[in-house]
Amino acid sequence: MSDGHTALPFSTKFLYGFGSIAYGIKDNAFAYFLLFVYVQVFGLAPDLAGLAILVMLIFDAFSDPLIGYISDNTQSRWGRRHPFIYGSIIPVALTFFLIWDPPTGASDQGLFWYLLVMGIGIRTAITLYEIPSTALGPELTQDYVERSSLIAFRQWFGWWGGLTMWNLLWVFVVYSSMNGTEDARYNADTWVVYGIACSIVMAIAILVTGIGTHKHIPQLHIPKDERLKGSRQKIGTVVNDIWLTLNVSRNYRILFIAYIVCKAASGLFTNLTLFYYSYYWELAPVDILTIGLTLFLAPVLGLKLTPTCSRLFGKRNTAISFFAAAMVLENALILPRVLDLLPSNESPIILTAVLVCHLAAITCIIVAGTAVGAMVFDTVEEVESSTGKRMEGTLLAARSFAEKCMAGVGAFSAGLILSFAAWPEDAKPGLVSQATLDTVGIYTVVASTALWLLGLFFIGKVRENKEAHAARLASLATKPQEA
């Protein structure tokens, strides 16, 4: 393991973060596109679409910590993490493509089960990569600020990967719409092409991170615990160790709950983003492309702001401040529209206002999310000081699960809102009643604000700072390593 106070070289941070392009593409697709596409393009009822995405979380609740635990205790010539990184490449690419190409003419029930099965497939496959890959971070450095920088690189690549495919999609939609007779965002073939392109990029990104970090394997932690070799006690041992790991740290438990709630709040808005763009603000494809291109600034700002703010104000205060700002920015334009205080959608003010608020909100979410992720990194030593074992994969399963709540709980909440508002089938921009749009807007503001405030309450309960982390490292340095 690297010296806790040695700055990591740029190449290590770059290659460590590069693979997050794969997770970013999947995350972007599930958060922004999946609900919209299955409802507006494939014709699935919004409540059923949201339910399918929510049910996937039940499987994630078991698979995420299990994969993390197995990774923590794996012994191979490629270390604990790399066998999973390499093994995830084909499953990730295949399942991601399939979810965008459902059988033609399927019933609501058939679409529901297809979405559920394919969704479980891609989320489990991406977990095989994301948790072991992320778990490399705390092994590469123990430095309090360097960890913020390291996870900021993952966030940067994740967002840029998702945004790159987002914008390439809208370039395709703009071109196709200008040269065809229909808006290509509502054409099923558009999403098949999107699935193919994303699958290829995701496979390449994972492979690059695997090969790029392979040289660090000899310096990484090697588990010495032999208990997994006993088949009779394997199940009991696994369950007991996972439970112990996830409950030994008070800070970890609070962060786990807080991150889930905050991601659910953010996910509610992101799952409705295309509905708002298309029907609430009636943006043309070229307008959506314009917003998408400006969003490339958000990860850059996040990469620069997170380490600086964490150093000056602490990770907890950074997370609280920026999540609170995101809550305000996400809802800033909805109530004025409901109260008819904004100009008509034809005004250029609308596009500018939506662009600025979305860019600022995404930047705040990136900074706050990175700070929370870095705090989870810091609980690794807190757990180690109590158990004598390094369980990065098991602990970081919380971050993976919480990220999936962005799509799961967010999509379910969004689906319920659309159903409560009696969202019309085959809705067309400009033809949805203002009463329906206002109902969606009011429900969105109330639900998201309640979730944000609950998440902020939990983050405020975390007791962690740079001094406590340094003291823990000093204490561990004097103890013999048990595992």
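The exercises below, each with a worked solution, concern a predicted model.

**Exercise 1. Helix 8**

Compare the reach of helix 8 with the expected value, and find which side-chain oxygen approaches the backbone at the start of this helix.

Solution. Step one is the extent: helix 8 runs over residues 188–212, which makes 25 residues. Step two is the expected reach, which is 36 Å at 1.5 Å a residue. Step three is the comparison: from first C-alpha to last, helix 8 reaches 36 Å, close to that expectation. Step four turns to the start of the helix, where a side-chain oxygen of Asn 187 comes to within 2.9 Å of the backbone nitrogen of Asp 189.

**Exercise 2. Two aromatic pairs**

The structure holds 28 aromatic pairs. Classify the pair Trp 100 and Trp 191, then the pair Tyr 276 and Tyr 280.

Solution. Start with the tryptophans. The ring centres of Trp 100 and Trp 191 are 5.8 Å apart, and pairing requires centres within 6.5 Å. Their planes meet at 25°, and planes under 30 degrees apart count as stacked, so this pair is stacked. Next, locate the two residues: Trp 100 is in the loop between helix 5 (89–99) and helix 6 (108–140), while Trp 191 is in helix 8. They are 91 residues apart, and the pair links distant parts of the chain. Both Trp 100 and Trp 191 are buried.

Now take the tyrosines. The rings of Tyr 276 and Tyr 280 have centres 4.8 Å apart and planes at 65°; the cut-off for edge-to-face is over 60 degrees, so the pair is edge-to-face. Both tyrosines belong to helix 10 (residues 250–280) and are four residues apart, about one turn of the helix. An α-helix has 3.6 residues a turn, so residues three or four places apart point the same way. Tyr 276 and Tyr 280 are both buried.

**Exercise 3. Cluster and charges**

Which residues form one aromatic cluster with Trp 100 and Trp 191, and which charged residues lie over the rings of Phe 30 and Tyr 16?

Solution. First, the cluster consists of Tyr 32, Phe 33, Phe 96, Trp 100, Trp 166, Trp 170, Trp 191 and Tyr 194. Second, Lys 26 lies over the face of Phe 30, 4.9 Å from the ring centre. Third, the ring of Tyr 16 has the charged end of Arg 154 over it, at 4.7 Å from the centre.

**Exercise 4. Positive phi**

For Glu 282 and Asp 340, state the phi angle, the location and the exposure class.

Solution. Glu 282 is not a glycine, yet its phi is positive, about 55°. Glu 282 sits in the loop between helix 10 and helix 11 (285–294). Its relative accessibility is 36%, so Glu 282 counts as partly exposed. Asp 340, also not a glycine, has a positive phi of about 60°. Asp 340 lies in the loop between helix 14 (334–338) and helix 15 (348–387). Its relative accessibility is 62%, and the limit for exposed is over 50%, so Asp 340 counts as exposed.

**Exercise 5. A cavity**

Describe the volume and lining of the second largest cavity.

Solution. Begin with the search, which finds five cavities of 30 Å³ or more in the whole structure. The second largest cavity has a volume of about 160 Å³. It is lined by 14 residues, and the closest to its centre are Phe 269, Trp 281, Glu 330, Leu 333 and Val 354. Finally, assign the lining to helices: helix 10, helix 13 (315–331) and helix 15 each supply at least two residues.

Definitions and conventions
Residues are numbered from 1 along each chain as its sequence is written. This is a predicted model: local features need pLDDT of at least 70, side-chain atom pairs count only at pLDDT 80 or more; totals for chains, interfaces and linings use all residues. Side-chain values use heavy atoms; hydrogens and water are left out. The expected span of a helix is 1.5 Å times one less than its number of residues. A polar contact is a pair of N or O atoms within 3.5 Å; within protein, one must be able to donate a hydrogen and the other to accept it, and residues adjacent in sequence count only if both atoms are side-chain atoms. Rings of Phe, Tyr and Trp (its six-membered ring) pair if their centres lie within 6.5 Å; planes under 30 degrees apart count as stacked, over 60 as edge-to-face and the rest as tilted. Buried means under 20% relative accessible area, exposed over 50%, partly exposed in between (1.4 Å probe, protein chains only). A charge sits over a ring if NZ of Lys or CZ of Arg is within 6 Å of the ring centre and within 35 degrees of the ring normal. On a 1 Å grid over the protein atoms alone, a cavity is a set of points where a 1.4 Å probe fits but cannot get out, and a pocket is an open set with protein on both sides within 12 Å along at least five of seven lines; lining residues have an atom within 4 Å of a point. Grid points are joined across faces, edges and corners, and a volume is the space filled by probe spheres set on the points.
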